[in-house]
Amino acid sequence: MLTGDVQSRMLAVAQAARAVAYAPYSNYHVGAALLGADGRIFGGCNVENAAFPQGVCAEAGAISAMVLAGVRKAQAVLVLGGGPRMITPCGGCRQKLREFCDPHTFQVLAVNDDGQQQQWTLEQLFPNSFGPDHLS
């Protein structure tokens with residue numbers, strides 16, 4: 001379980017990332033904060049593109065920042081979208097996250113604009129997933 005302090009720091013990173021998201025087409029700004037195994041927090045925001053499938057999700061941006069920093073394992077992700085509904089990583093991002101975590105212990109936190117939170121393990125959101133361990 002993540003401490004309240006870590007969750008607060010992750011939320012601040014996700015809020016800052018969401019504030020600079022590039023979403024001129026959907027106007028749906030998303031921020032993500034990824035907690036690396038070393039305790040550092042990496043932010044990401046969604047970046048849309050006129051050629052819609054070429055956009056980048058916030059979680060993917062956070063993963064790229066983590067890898068760029070030399071970290072290869074993650075403990076948790078916090079996702080922040082707009083409105084009262086909770087959002088979770090899309091299917092593609094669930095697969096991307098799976099590459100860098102233990103799905104049984106990796107925590108996925110969702111926070112809405114009202115400050116309500118929900119939490120799952122990646123295994124709960126993405127059961128029986130395919131990962132690096134299948135290739136060894």
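**Figure 1. The buried residues of helix H1 meet the sheet in this predicted model.** Let's start where helix and sheet come together: S1, S2, S3, S4 and S5 are among the elements that cover the buried residues of H1. The helix itself takes in residues 4-19 and lies across strand S1 (31-36), S2, S3, S4 and S5. Relative to S1, H1 runs at about 140°.

**Figure 2. Helix H1 has a buried face and exposed residues turned away from it.** Look for Val-6, Gln-7, Met-10, Leu-11, Ala-14 and Ala-17, which are the buried residues in H1. Viewed down the helix axis, these buried residues fall within an arc of 135°, so they line one face of H1. On the face turned away from that buried side you will find Gly-4, Asp-5 and Ala-19, which are exposed. The length of H1 can be checked too: at 1.5 Å a residue, its 16 residues should span 22 Å, and the end C-alpha atoms are 22 Å apart, which agrees.

**Figure 3. Five strands make an open sheet with mixed pairing.** Following the strands across the sheet, you meet them in the order S2-S1-S3-S4-S5. Strand S2 (41-45) and strand S5 (117-121) stand at the edges; each has a single partner strand, so one side of each is left without a neighbour in the sheet. From one strand to the next, the twist averages 20°.

**Figure 4. Strands S3 and S4 pair in the parallel sense.** As a reminder, strands of a sheet pair through backbone hydrogen bonds, either parallel or antiparallel. Here, S3 (residues 74-80) and S4 (residues 107-111) are joined over five bridges. For one bridge to pick out in this view, take Leu-78, whose partner in S4 is Leu-109.

**Figure 5. Asn-46 is a buried loop residue whose side chain reaches backbone atoms.** You can find Asn-46 in the loop between S2 and helix H2 (58-68). Its relative accessibility is 9%, and buried means under 20%, so Asn-46 counts as buried. What does the side chain of Asn-46 reach at 2.7 Å? That is the backbone nitrogen of Val-30. A polar atom of the Asn-46 side chain also lies 2.8 Å from the backbone oxygen of Tyr-28. Leaving aside residues up to four places away in sequence, Asn-46 touches Ala-21, Tyr-22, Ala-23, Tyr-28, His-29, Val-30, Val-56, Cys-57 and Ala-58.

Conventions: Residues are numbered from 1 along each chain as its sequence is written. This is a predicted model: local features need pLDDT of at least 70, side-chain atom pairs count only at pLDDT 80 or more; totals for chains, interfaces and linings use all residues. Side-chain values use heavy atoms; hydrogens and water are left out. Two strands pair if DSSP finds at least two bridges between them. Helices (H or I, at least four residues) and strands (E, at least two) are DSSP runs, numbered from the N terminus. Axes are lines fitted to C-alpha atoms, for helices over the stretch in contact, and angles run from 0 to 180 degrees between N-to-C directions. Contact means heavy atoms within 4.5 Å. The expected span of a helix is 1.5 Å times one less than its number of residues. Buried means under 20% relative accessible area, exposed over 50%, partly exposed in between (1.4 Å probe, protein chains only). The arc is that of the directions from the helix axis to the C-beta atoms. A polar contact is a pair of N or O atoms within 3.5 Å; within protein, one must be able to donate a hydrogen and the other to accept it, and residues adjacent in sequence count only if both atoms are side-chain atoms.
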